[in-house]
Amino acid sequence: MAFVRPRQLALSALNTLEDSLQFPNRYLEQAFRQASHLNERDRAFTIHLVQGVLRWRLRLDWIIQQTVRFPFKKIRYPVLNILRLALYQVLFMNRVPESAAVNEAVKQVKIIESNHVARFVNGILRNICREKQQIRFPDKERDSVHFLSVFHSYPVWLVEKWIKEMGIDSAESMLAAGNRIPSLVLRTNTMKIDRKNLMRRLESEGVRGKTASFSPEGITVEGLRCPIDQLNAFREGLFQVQSESAQICSHLLLPKSGERILDVCAGLGGKSTHMAQCMNNRGEILGLDTNRYRLLRLAKSARRLGMNCVYAVAADAGRPPFRMSGRLFDRILIDAPCSALGTISRHPDIKWVRNEQDIRRLSLLQKKILRRAAPLLRNGGRMLYVTCTTSPEENDEVIAEFLEKNRKMALIDLRNHVPEWGLPLIDDHGFFRTFPHIHGMDGFFGALLARDG
């Protein structure tokens, strides 16, 4: 990649989302591999800009819209993204001088537009800089949905959905929690080291950490000054990056040494390798996924962590025929494809790439996967259904319909199943359920099922 500055790379990532709905983090991963001239500070700044604009995009657009004197829709999206980037720096990044943010924006516009447009951008941004303490938002009393949508920067349909599901006060807390920059969480590889000694190892490499709120292997990282994969502790396979909610899932399924496990939607393999850890690397775990890149990452992680009981398998659980070898499985994990509304703080682009139709489409896919996986479970076996969304259509309603149509399957009340540390994460129906604004972690749902006969 030719010499590129952080702000230009951030702009390219945002434009990519507009062009193809490609996730910006994937674009940046590829770009960073090619942009060897960027140091770690430049890369961190680029990510901060992209994530920040995506997190606050609707509020930024509202402010721009209040300033321009012509229809907002007439601003071409490359220019709009330049405005968003500059405005995010002005409003949310105290260490960036306003003049630097504005001047860089004007330089970016001159590359793609005429001097007339550059003057327009310069005027808009300088006007906002002068008036930023007088910014007005929609009236909360007259139209609470509009206010919450603009102020917290979420699409109206999602604000309305959360108000309907949890009430306006809890919905607003959920909106605010989704805008917080999340902590990095690690999972101790207890096959090689315990959590206390891992924290000491990390500290020797300049990384501070504290124990996670719930997960017995979890460490919340502070003071990371380099890419995580450059740490010796990472290269030695002493930990895996994994959110706390995701770590808890393996403790719900509780795989045992020697068992045969199916991970239906394995992804990058975080849960597959955690289950192997719980089994002390004894048994067999088949990690299924449709994506070759994710399967390669899964296999690489398993090797680094020293887990040779995990096998990456290319298969699509959502399409027939979905068959495995004649043997049945002792336990099945279904980490279902979902709207991921519980992970917005980690992936703010979800706000803009998801819609209500996605939830209906995904719920149908989730039901298909459950229906096709169930016959692969042995009598007495257990199956865990997990999503990283708070949407009832993808959670409770999927399980209710599945149980109604599969009389040989029964719901296990997780209140009678989890360790004591996990009880605050189980609701009155026996489901695993976490919320960002309540538990300080990604919003997850989990239901444990058993085959009886």
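**Note on the sheet and the cavity**

1. Four strands (DSSP runs of E, at least two residues, numbered from the N terminus) make an open sheet ordered β2-β3-β1-β4, with antiparallel pairing; two strands count as paired if DSSP finds at least two bridges between them. Because β2 (208–211) and β4 (239–241) are at the edges with a single partner strand each, one side of each has no neighbour in the sheet. From one strand to the next the twist averages 35 degrees, with axes fitted to C-alpha atoms and angles from 0 to 180 degrees between N-to-C directions.

2. The model is predicted: local features need pLDDT of at least 70 and side-chain atom pairs pLDDT 80 or more, while totals for chains, interfaces and linings use all residues. Residues are numbered from 1 along each chain as its sequence is written, and side-chain values use heavy atoms, without hydrogens and water.

3. Strands β1 (residues 184–188) and β3 (residues 218–222) run antiparallel and are joined by four bridges. Arginine 187 has glycine 218 in β3 as its bridge partner.

4. Helix α10 (residues 195–204) packs on the sheet and touches β1, β2, β3 and β4, its direction making about 20 degrees with that of β3. Here a helix is a DSSP run of H or I of at least four residues, contact means heavy atoms within 4.5 Å, and the helix axis is fitted over the stretch in contact.

5. The whole structure has one cavity of 30 Å³ or more, a cavity being a set of points on a 1 Å grid over the protein atoms alone where a 1.4 Å probe fits but cannot get out. The largest cavity holds about 50 Å³, the volume being the space filled by probe spheres set on the points, which are joined across faces, edges and corners.

6. Residues lining the largest cavity include Tyr154, Trp162, Met174 and Pro436; lining residues have an atom within 4 Å of a point. The lining has six nonpolar, four polar and no charged residues, where Ala, Val, Leu, Ile, Met, Phe, Trp, Tyr, Cys and Pro count as nonpolar, Asp, Glu, Lys and Arg as charged, and the others, Gly among them, as polar.

Methods:
1 Å grid on protein atoms, 1.4 Å probe; cavity = no way out; pocket = protein on both sides within 12 Å on 5 of 7 lines; lining within 4 Å.
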